[in-house]
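Got your viewer open? Load the model, pick a cartoon view, and follow along from stop to stop.

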Amino acid sequence: PTSAQVSAVPHPGRFRYTLDNNVLTTEQRQFYEDNGYLLIKKLVSDEDIECFRKEFMRICKKEVNPPGAMIMKDESLRSQFGQSEKVVNKVQDFQEDKELFRYCTLPEVLKYVECFTGPNIMAMHTMLINKLPDSDKQTFLHPMHQDLHYFPFQPVDRIVCSWTGMERADQDNGCLVVQPGTHKEPLKPHGYPKWEGKANKLFHGLLDEDEKSPRVHLVMEKGDTVFFHPLLIHGSGINKTSGFRKSISCHFASSECNYIDVKNTTQEHLEKELVEMVYKKYNTTSVELRDIWNFRARLVQGERINL
């Protein structure tokens, strides 16, 4: 199937991307309709963020080793700094880490997520990003991309990302950059950018980027959270400071979404790359993209239906 009937029906005619409930104001719903993102100030408490930061430090020092998590490092720095936050730039798939996964179950986050997904909510993809200082090589510049490129499930309007700043994020330390309104465009072909030696594994970007499209730098304070559509074109710049820019995020989807076959689509080469990585890591003989997502997915509210 390429689309699913979702029981939570959007407001007829006016609102396509948000669902009727009493959480969002009409103005907030209209902003998301028009722009594809919505920023909520001070949504996550300083106390929770401090707990997530401490757990990240424990993972960096290998005091905890969450099963299934992918710890991404800048190998060139390891000889200089050993095992520390100065080397680890991302913890991906932390669904088995009790403390970090608590982010995906925070009532204040799910209250907003439900406005986009409906009541049956799956946490599909988790990341804690630690953007390292990086002024010369631009190793951690994430090219402009659409997150849907990575996801083999639909309908797209019932998927949303929740992205929370763990400290102030601005243009100096590589905040998120979005192209408002691009969530209304189709999924575009992605691949590795043509910068020589600067592409991180799976940091795919748009192959044909519109340089003239207006961009907004999302300056965020600690605890601010942005919710955005999986087709919204976004990325992040380099961190020109000497500190680290941390954020924690989760992609949520309605459990009423369906998996789709990505053969003969722009996502086919991603499936091949991911499957090869799984082969190497787990030595499995037969795996598909949907199997990888099934392994990551966790129900956080309501009931599990399709995903």
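Keep in mind that this is a predicted model. Start by selecting Val-177 and His-217: Val-177 sits opposite His-217, which belongs to β11. Now widen the selection to strand β8, residues 176-178; two bridges tie β8 to β11, and the two strands run antiparallel.

Zoom out a little. β8 and β11 are part of an open sheet of four strands, in the order β5-β13-β8-β11, with antiparallel pairing. Colour β5 (142-145) and β11 (216-217): these two stand at the edges, and each has a single partner strand, so one side of each has no neighbour in the sheet.

Next, go to the loop between β10 (205-206) and β11 and pick Asp-210. Is Asp-210 buried, exposed or partly exposed? Partly exposed, with a relative accessible area of 44%. Show what surrounds it: leaving aside neighbours within four places in sequence, Asp-210 is in contact with Gln-179 and Arg-215. Then draw a C-alpha to C-alpha distance from Asp-210 to Met-144, and you should get 9.9 Å, although the two are 66 residues apart in sequence.

Last stop: helix α7, residues 289-296. Show Leu-289, Ile-292, Trp-293 and Arg-296 as sticks; these four are buried. Look down the axis and you'll see why they belong together: they cover an arc of only 95° around it, which puts them on the same side of α7. The general rule is that an α-helix has 3.6 residues a turn, so residues three or four places apart point the same way. To see what the buried residues of α7 pack against, add β3 (88-92), β4 (121-131), β6 (153-154), β15 (258-259), α6 (268-282) and β16 (298-301).

Conventions: Residues are numbered from 1 along each chain as its sequence is written. This is a predicted model: local features need pLDDT of at least 70, side-chain atom pairs count only at pLDDT 80 or more; totals for chains, interfaces and linings use all residues. Side-chain values use heavy atoms; hydrogens and water are left out. Buried means under 20% relative accessible area, exposed over 50%, partly exposed in between (1.4 Å probe, protein chains only). The arc is that of the directions from the helix axis to the C-beta atoms. Contact means heavy atoms within 4.5 Å. Two strands pair if DSSP finds at least two bridges between them.
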